[in-house]
Amino acid sequence: MKRLFTFTLALSMLLTLLAGCGGDDSKTPDAANSPPPGDISGSGGSARDDVTVWGNMMIDNFTPIDWSYEAQSNLFESVYSTLVKTTFNADGAAEVVGDLAERWENEADGAVWVFHLNPNAKFTNGEPVTADDVKFSFEAYAESTYASAKVDLVKDIEVRDEHTVAINTGTYNARAPWCWRQVAIVEADAYQADKDAYLTQQIGSGPYKLEKMDDATGNYTLVRNDDFYGEPAKIKTVNVRVIADSNNAIIALQNGEIDYMYIQGSMYDLLSSDENIAIQQQPSGYGNWIMLNPNIAPLDNKYLRQAIGYAINYEAQGNLAFGGYLAEDNSSVMYSGFSDPLPAGVEKYTYDPEKAKELKQLLAGGIQAV
């Protein structure tokens, strides 16, 4: 039986594929030689309903409101729902689609985002998902040591009814929903009543439920949430085995100890010639960030921050990071924080050394701006 190895153009989340939330795999270059998401056997035969997958590190913080690193994402994206999520269209471009939110619209010249929640969504303790839960979760993220940047744009939140929440960002910012795709919605009453018990139970409303966790190894098991409001997960049981070293994980894949792993393109060449491994190429929903602190000199000058934004060769950096396997449509390394506005008329920074030099000359002339 072939093991399934997913080669990503950048960093791809593991259980997005298993939960049926990924893009159109028929559009990816290697899809013709790969099994469909529900058939990890690689043979086109009967689909299995269990799978053992790779986890790259032990989770040391089970607080979804402190969601900040990759191993947490593998668990939290499976157990928790968010207002929106990212997927890929037929052209391979990333886009934001609804998760808990069935639809949304803008008010107040785009400054207010009004989300209408799926009325059938409920938590694994049987409680319905409400606008109050969304408001509580966003406000809790604002107090988080690790994840407050995800809600940095939010000025205030209004609960309009049980399934309608309005989020005010002060001014229109098209990137706002992208920032909120990793804000896990928790059951507010249970979380506040006994936080320690909540973290043990992981009460979410996503496609999977946490069944058990081995504290010694970090391995854990997820089972399908049959009360999930969306499309049911294709795999019933997911066993996550933690192997910290990626080279050892590759050996485990080749030995049949795990069925599935994901890896960046920089390691693709290690497995491309192994005929026992089915390779599936897929795009990434996650980028790399260069974060600058605008509150300290000299970075408190916006023209310096902009000069840095234009001086970076994003394509070269991306190809270096991912071994040359980088999708052109998803190649920019986004610059600065969510709240740092881009220059007027600029959707994202691109490599423009002449523009960087122009800004450098302005700075040399003593121009000051914050």
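**Exercise 1. A salt bridge at Lys234**

Task: Identify which residue forms a salt bridge with Lys234, and state whether Lys234 is buried or partly exposed.

Solution. Step 1: Lys234 is joined by a salt bridge to Glu231, and their closest N and O atoms lie 3.2 Å apart. The structure is a predicted model, and this distance satisfies the cut-off, which places a side-chain nitrogen of Lys or Arg within 4 Å of a carboxyl oxygen of Asp or Glu.
Step 2: Lys234 has a relative accessible area of 36% and is partly exposed.
Step 3: Glu231, at 47% relative accessibility, is also partly exposed.
Step 4: By the 4 Å rule the count comes to 8 salt bridges.

**Exercise 2. Confidence and overall composition**

Task: State how many helices and strands the protein chain has, and where pLDDT stays under 50.

Solution. Step 1: The secondary structure of the protein chain consists of 10 helices and 15 strands.
Step 2: The chain has 370 residues, of which 49% count as buried.
Step 3: Among contacts in the chain with a separation of 6 or more, 66% come from residues 24 or more positions apart.
Step 4: The mean pLDDT of the chain is 80, with 79% of the residues reaching 70 or more.
Step 5: Over residues 1–46, pLDDT stays under 50. For this stretch the model has 149 contacts beyond four places in sequence.

**Exercise 3. The open sheet of E5, E6, E8 and E7**

Task: Give the order of the strands in the open sheet of 4 strands, and explain why strands E5 and E7 each have one side without a neighbour.

Solution. Step 1: The order is E5-E6-E8-E7, and the pairing is antiparallel.
Step 2: Strand E5 (101–107) and strand E7 (156–161) stand at the edges with a single partner strand each, so one side of each lacks a neighbour in the sheet.
Step 3: From one strand to the next, the twist averages 20 degrees.
Step 4: Strand E6 (residues 112–117) pairs with E5 in the antiparallel sense over 6 bridges. In this pairing, Glu107 stands opposite Val112 in E6.
Step 5: Helix H3 (residues 131–142) packs on the sheet and touches E6, E7 and strand E8 (164–168). The direction of H3 makes about 170 degrees with that of E7.

**Exercise 4. A link between the edge strands**

Task: Determine which residue forms a salt bridge with Arg160, and which strands hold the two partners.

Solution. Step 1: Arg160 forms a salt bridge with Glu107, the closest N and O atoms being 2.9 Å apart.
Step 2: Arg160 lies in strand E7 and Glu107 in strand E5, so the pair, 53 residues apart, links distant parts of the chain.
Step 3: Both partners are partly exposed: Arg160 has a relative accessible area of 37%, and Glu107 has one of 30%.

**Exercise 5. A salt bridge within helix H10**

Task: State what separates Lys357 and Glu354 in helix H10, and which residues are joined into one network by salt bridges that share partners.

Solution. Step 1: The side chains of Lys357 and Glu354 meet in a salt bridge at 3.7 Å, N to O.
Step 2: The two residues are 3 residues apart in helix H10 (residues 353–364), a separation of about one helical turn.
Step 3: Lys357 is partly exposed, with a relative accessible area of 48%, whereas Glu354 counts as exposed at 53%. The boundary matters here, because exposed means over 50% relative accessible area.
Step 4: Elsewhere, salt bridges that share partners join Glu107, Glu158 and Arg160 into one network.

**Exercise 6. Strand E10 and its partners**

Task: State how many residues of strand E10 are buried, and how many bridges join E10 to E9 and to E11.

Solution. Step 1: Strand E10 (residues 220–224) is mostly covered, with 4 of its 5 residues buried.
Step 2: Strand E9 (residues 208–213) runs antiparallel to E10 and is joined to it by 5 bridges. Lys209 stands opposite Val223 in E10.
Step 3: The hairpin of E9 and E10 has 6 residues between the strands, and Gly218 in this hairpin takes a positive phi near 85 degrees.
Step 4: Strand E11 (residues 237–242) is antiparallel to E10, with 4 bridges between them. Leu222 stands opposite Val238 in E11.

**Exercise 7. Helix H8**

Task: Name the buried residues of helix H8, and state which backbone nitrogen a side-chain oxygen of Asn301 reaches.

Solution. Step 1: In helix H8 (residues 302–311), the buried residues are Arg305, Gln306, Ala307, Gly309 and Tyr310.
Step 2: At the start of H8, a side-chain oxygen of Asn301 comes to within 2.9 Å of the backbone nitrogen of Tyr303.

Key:
Residues numbered from 1 in each chain as written. Heavy atoms only, no water. Pairing = 2+ DSSP bridges. Axes fitted to C-alpha atoms, helices over the stretch in contact; angles between N-to-C directions. Contact = heavy atoms within 4.5 Å. Buried < 20%, exposed > 50% of the residue type's maximum accessible area, 1.4 Å probe, protein only. Polar contact = N/O pair within 3.5 Å; in protein donor to acceptor, adjacent residues only side chain to side chain. pLDDT = per-residue confidence, 0-100.
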